[in-house]
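Me: I'm new to reading protein models, and I'd like a close look at a single part of this one. Could you pick a pocket and walk me through it, then carry on to whatever else is worth pointing out along the chain?

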Amino acid sequence: EGTDCCSWDGVTCDHLNAHVIALDLSCSCLYGTFPSNTTLFLLPHLQKLNLAGNDFNLSKIPSDFGQFTSLFYLNLSYTGFVGEVPSQVSHLSLSLAGCGLQGKFPKNIFDLPNLNLLYMGGNQLSGQIPRSLGNLLQLTQLDLSGIQLSLSDNLLNGTLPSWLYTAPSLKTIYLSQNQFSGHIKEFQSKSLERIWLENNKLQGPLPSSIFQLLNLTSLALSSNNLSGVIEFSMFSNLPNLKYLHLSCNSLSLTFNTTSTFLKGLKSLESLDLSCNNIEGKIPQWMQEMGNDSLTFLNVSHNSLTEVEHFPWKNIEFLDLSSNLIRGNLPIPASTINVFLISNNRFNGEVSSLICNASSLQILDLSHNNLSGTIPQCFGNLSNSLEFLNLKKNKFYGTIPPTFAEGCQLTNFNLNGNLLEGPLTPSILNCKGLEVLDLGNNKINDTFPHWLGSLPQLQVLVLKSNHMHGPLCVNSSKSSPFFSKIQIFDLSSNYFSGPLPVRYINSFKAIINLEKIGSTMSYMGMNDPQGGFYTYSIGIVMKGQFMELVKIFTMWMIIDLSNYQFEGGIPKVIGKLNLLKGLNLSHNNLNGGIPTSIGNLTKLEWLDLSSNRLSRTIPNRLADLPFLSSFNVSDNQLHGQIPQGKQFNTFGNDSYEGNKGLCGFPVSKGCNIIEPAPPNVLEKDGPKSNITFGWKVVLIGYGCGVVFGMSVGYVVFQTGKPKWLVNLVEIQHEKK
């Protein structure tokens, strides 16, 4: 007594209003009859209640549990309650979304007559939805998104259940990311407010009844097979519409708009019309729709050719990528968070006014014809900027010299420009940097070894520059060095000296000593609107250059080709257990191929061509289970090519320029002489120390033959000794 209950063990309060919102009394040794008039029921804001592991001595569950209208977690397990569960409990709305549920979808859940909200999205359930609505007359919100419900042919023919169109109280439908097919039928219920059917296989035209749902605030039909002509002005009949996503269908949109139409869309906040074959200039109504509400606009992957300006005052997400837009780059509003204009034909310089967008997090200007110098203010913008991609333009001059402390950059891509560098150590302020791609420029500098201290760096591409000198290391041995690197591409520069053993020993992520923290399939980052923006890279894989729009998190690649590296291939290469691709071609490497490469059981391609390697190809390489590309051409290798398994799939071009190699698939055969069995010429049994090898035996055999033929010739020419001559003549007469 006299203390704040919010400080008690097991009690959680809403600190804003000091309401008790959670109560955990589990395993508290409570015993006795559960009183129906307990003051527990005087906590109207309770969201979680856990009474498990107590003994209420065969009490009945009080019906008052049904009055907790905010409750979403109730645990009465192992409490000694008996009797029927009171019907009032079915008034509760419990969310089961994102709980990791597996197995068949429970059809009998539709027998709960008072069920108001059903949230089961984001689980791993499969199965079928019943044909009829059953007792769900009170259902207002239904979320079964992303659980891969598959409707069998003998039940609903793959179509949406008919009761969705007639449920009298239904306000919300979340059925995205499933396998629904067929047409969307006419909605009879006028209560619908939110319809989410994205990422299904729905076909046909939009039902006209959609334009009569006056309470509709969200319509998400992206990534289906919908078709037909839609006059866009019809959406102005929906005065409360805030969210309209129709991307990636086969719809034909027409835009006969009027001022009345624009007023009808005054509430619109999010508009996605990407992948819809919209041609020509950005529609005038779209540019005039500079209202205060629009924050998200995506018209990417169309055939738009022109945009005069960006009038949207409060825009936060703007995606114009993959169009045909030409001209100078307009500057968006200062409210912008995500600005994507890649794969267009913009030209001219980038104004430093873009740095007024102090909340900018993702900026992608790649694959255009932009020129001039990179605005130096980008370095100061790095306090908010996380993704900066200027790839494949015509920028020249230097890289921004300063990156502010607290830099948030995770991806920095300047590949394919005319930059001369250099990169300054201030980029070490970007401690979260994961991808650094400066390839295909004119950077004239020594290797920036200090990049190895970036703790999160996973991808480093410096290929095709004018970098030179040895890959030396000036830091102490104890400091971590490229410990999380997964892709290391320094190809086509002027580096010299031996291969960097110190770096290879430090590649802990490839050695499998550094756990990869991401659970995602691809490298990337979350955008402010809840999407996932993937990183991209261009790299040589299996002898072919590939532009990859996504980087698998499990890719481990090293490319140190086209240098002047000398010496042997270090044995420590064999420690890189997770390596998928290794390219050391076009160097001056000598010596043999280390047998330790046979440890690289994940290896898919190996290119050692155009070096001065000698000796034989290790037979252990034939045991690499995933090796699908192998090139050792233009070396000085000799001996038999390993046979069997993956090596049976490689052609003659893998071995060209090695005159000493023999066996399949080259035309030169191998003359192999079988060695004598072991111990066959040992003296005094196996314990003798005097052993003759097979070479000694062959020498003796050859000499004996020559000597015997010479003696025979003398014997038969002179006729002496007579006993030997008579013996041979008698044997000849018998034959």
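Reply: Let's start at the wall of the largest pocket: strand β37 gives the largest share of its lining, three residues. Before going on, note that this is a predicted model, where local features need pLDDT of at least 70 and side-chain atom pairs count only at pLDDT 80 or more, while totals for chains, interfaces and linings use all residues. Residues are numbered from 1 along each chain as its sequence is written, and side-chain values use heavy atoms, with hydrogens and water left out.

A pocket here is an open set of points on a 1 Å grid over the protein atoms alone, where a 1.4 Å probe fits and protein lies on both sides within 12 Å along at least five of seven lines; lining residues have an atom within 4 Å of a point. Strands are DSSP runs of E with at least two residues, helices are runs of H or I with at least four, and both are numbered from the N terminus.

The largest pocket holds about 1,200 Å³ of space. That volume is what probe spheres set on the points fill, with grid points joined across faces, edges and corners. Its lining has 37 residues, and the closest to the centre are Asp319, Leu340, Phe532, Tyr533 and Thr534. Besides β37 (532-534), the strands β15 (243-245), β17 (270-272), β19 (296-298), β21 (317-319) and β27 (387-389) each bring at least two residues to the lining. By type, the lining splits into ten nonpolar, 19 polar and eight charged residues. Ala, Val, Leu, Ile, Met, Phe, Trp, Tyr, Cys and Pro are the nonpolar ones, Asp, Glu, Lys and Arg the charged ones, and the others, Gly among them, are polar.

Now for charged pairs. Side chains of opposite charge can pair when their charged atoms come close. A salt bridge means a side-chain nitrogen of Lys or Arg within 4 Å of a carboxyl oxygen of Asp or Glu, and the model has five salt bridges by that rule. One of them links lysine 391 and glutamate 547, at 2.3 Å from N to O. Lysine 391 sits in the loop between β27 and β28 (394-397) and glutamate 547 in β39 (544-548), so this pair ties together parts 156 residues apart in sequence. Lysine 391 is buried at 2% relative accessibility, while glutamate 547 is partly exposed at 37%. (Buried is under 20% relative accessible area, exposed is over 50%, and partly exposed is in between, using a 1.4 Å probe and protein chains only.)

Another bridge joins lysine 645 and aspartate 623, with N to O at 2.9 Å. These two lie in loops, lysine 645 between β47 (638-640) and β48 (660-662) and aspartate 623 between β45 (612-613) and β46 (629-631), so the parts they tie together are 22 residues apart in sequence. Lysine 645 is exposed at 59%, and aspartate 623 is partly exposed at 47%. There is also a network in which Lys542, Lys580 and Glu604 are joined by salt bridges that share partners.

Finally, some backbone details. The peptide bond from phenylalanine 664 to proline 665 is cis, with omega near 10°, and proline 665 lies in the loop between β48 and α6 (694-718). Phenylalanine 482 has a positive phi near 50° although it isn't a glycine. You'll find phenylalanine 482 in the loop between β33 (468-470) and β34 (487-489), buried at 1% relative accessibility.
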